[in-house]
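I opened the model today to look up a handful of side chains and to write down what I found. These are my notes, in the order in which I took them.

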Amino acid sequence: MLPAQIFRNGVAASFFSAKSLADNPGYAERFHAMLQTAQPRPLAAAVRSVLLRSQPLRERLSALTMPVLIIAGLDDSMYPLDAQATAAALVPHGRFAPVAGKHVSVVERPAEVASLIARFLRAEVSPRRSCLAP
C-alpha cells in the first residue's frame, strides 16, 4: 500500500494541472484511491521497467514507417515539450500536437485529444491501410 499522502499529492501534481484538479476534484480522489491500494513492490518493478530498464525509443523512431502522432501536455514536466516535438520530427511521418495540461492530457482534455486523434486518422490513415477496415 502507498499511504503517504505527500507522495500521492506529488504524483498527482505531476500528472494533472492544478486547474484540472480544482475543476475535477474526483480526479485526485480516484487517483489517491488507486495509489493507496497499489502494492509497492509490483509498482516499483513497473516503474523501474519503464524508466530504467527499457531501451530508449528515441534512437529507433526514424525506423518507423507508419504515421505517428505524439500528443503532449504543454506543462508536462516529466516529458518536456521540446523533447516530444523533437521525437515527432524524428519519425518520417510524425506529427506533434501539444495540448493544455500535464502528463495525462487525455484525462484533462479528452475532447481535444479525441479530436486530434480523429483528424490525424482522417489525414494519415487510408481505409486500405487501416487495420480496422474490413
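The entries below go from the whole chain to single residues.

**Entry 1, the chain.** I note at the outset that this is a predicted model. I counted through the secondary structure and found seven helices and two strands, which run α-α-α-α-β-α-β-α-α from the N terminus on. Of the 134 residues, 26% count as buried, and the chain exposes about 9000 Å², of which carbon and sulfur atoms supply 63%. I then looked at contacts with a sequence separation of 6 or more, and residues 24 or more positions apart account for 69% of these.

**Entry 2, helix H3.** I looked up helix H3, residues 25–37, which has 13 residues and reaches 19 Å from its first C-alpha to its last, close to the 18 Å expected at 1.5 Å a residue. Which residues of H3 are buried? I listed Gly26, Tyr27, Ala28, Phe31, His32 and Leu35. For the spacing of such a list I keep in mind that an α-helix has 3.6 residues a turn, so residues three or four places apart point the same way.

**Entry 3, salt bridges.** How many salt bridges does a search of the whole structure find? The search finds two, and I looked at each in turn.

One joins Asp23 to Lys19, with the closest N and O atoms 2.5 Å apart. Both residues lie in helix H2, residues 18–23, and they are four residues apart, about one turn of the helix. I checked the accessibility of the partners as well: Asp23 counts as partly exposed at 47%, whereas Lys19 is exposed, with a relative accessible area of 59%.

The other joins Glu112 to Arg109, where the closest N and O atoms are 3.1 Å apart. Here Glu112 is partly exposed at 29% relative accessibility, and Arg109 is partly exposed at 36%.

**Entry 4, Glu108.** I went next to Glu108, which is placed in helix H6, residues 105–108. Glu108 is buried yet has no salt bridge, and the nearest side chain of opposite charge, that of Arg109, is 7.6 Å away. What lies 2.6 Å from a polar atom of the Glu108 side chain? I found the backbone nitrogen of Lys102 at that distance. Leaving aside neighbours within four places in sequence, I recorded contacts of Glu108 with Phe15, Phe16, Ser17, Ser20, Tyr27, Gly101 and Lys102. Tyr27, one of these contacts, is also among the buried residues of H3 that I had listed earlier.

**Entry 5, Gln84.** Is Gln84 buried or exposed? I looked it up in helix H5, residues 81–90, and Gln84 counts as buried because its relative accessible area is 18%, under the 20% cut-off. Not counting residues up to four places away in sequence, Gln84 touches Ile70, Ala72, Tyr79 and Phe96.

**Entry 6, Arg60.** My last look was at Arg60, which sits in the loop between helix H4 (40–53) and strand E1 (68–73). Arg60 is partly exposed, with a relative accessible area of 39%. I also took the C-alpha to C-alpha distance from Arg60 to Leu90, which are 30 residues apart in sequence and 8.9 Å apart in space.

Definitions and conventions: Residues numbered from 1 in each chain as written. Predicted model: local features only at pLDDT ≥ 70, side-chain atom pairs only at ≥ 80, totals over all residues. Heavy atoms only, no water. Expected span 1.5 Å × (residues − 1). Buried < 20%, exposed > 50% of the residue type's maximum accessible area, 1.4 Å probe, protein only. Contact = heavy atoms within 4.5 Å. Salt bridge = Lys/Arg side-chain N within 4 Å of Asp/Glu carboxyl O. Areas by Shrake-Rupley, 256 points an atom, 1.4 Å probe, with all protein chains shown as cover. Lys, Arg positive; Asp, Glu negative; His and termini not counted. Polar contact = N/O pair within 3.5 Å; in protein donor to acceptor, adjacent residues only side chain to side chain.
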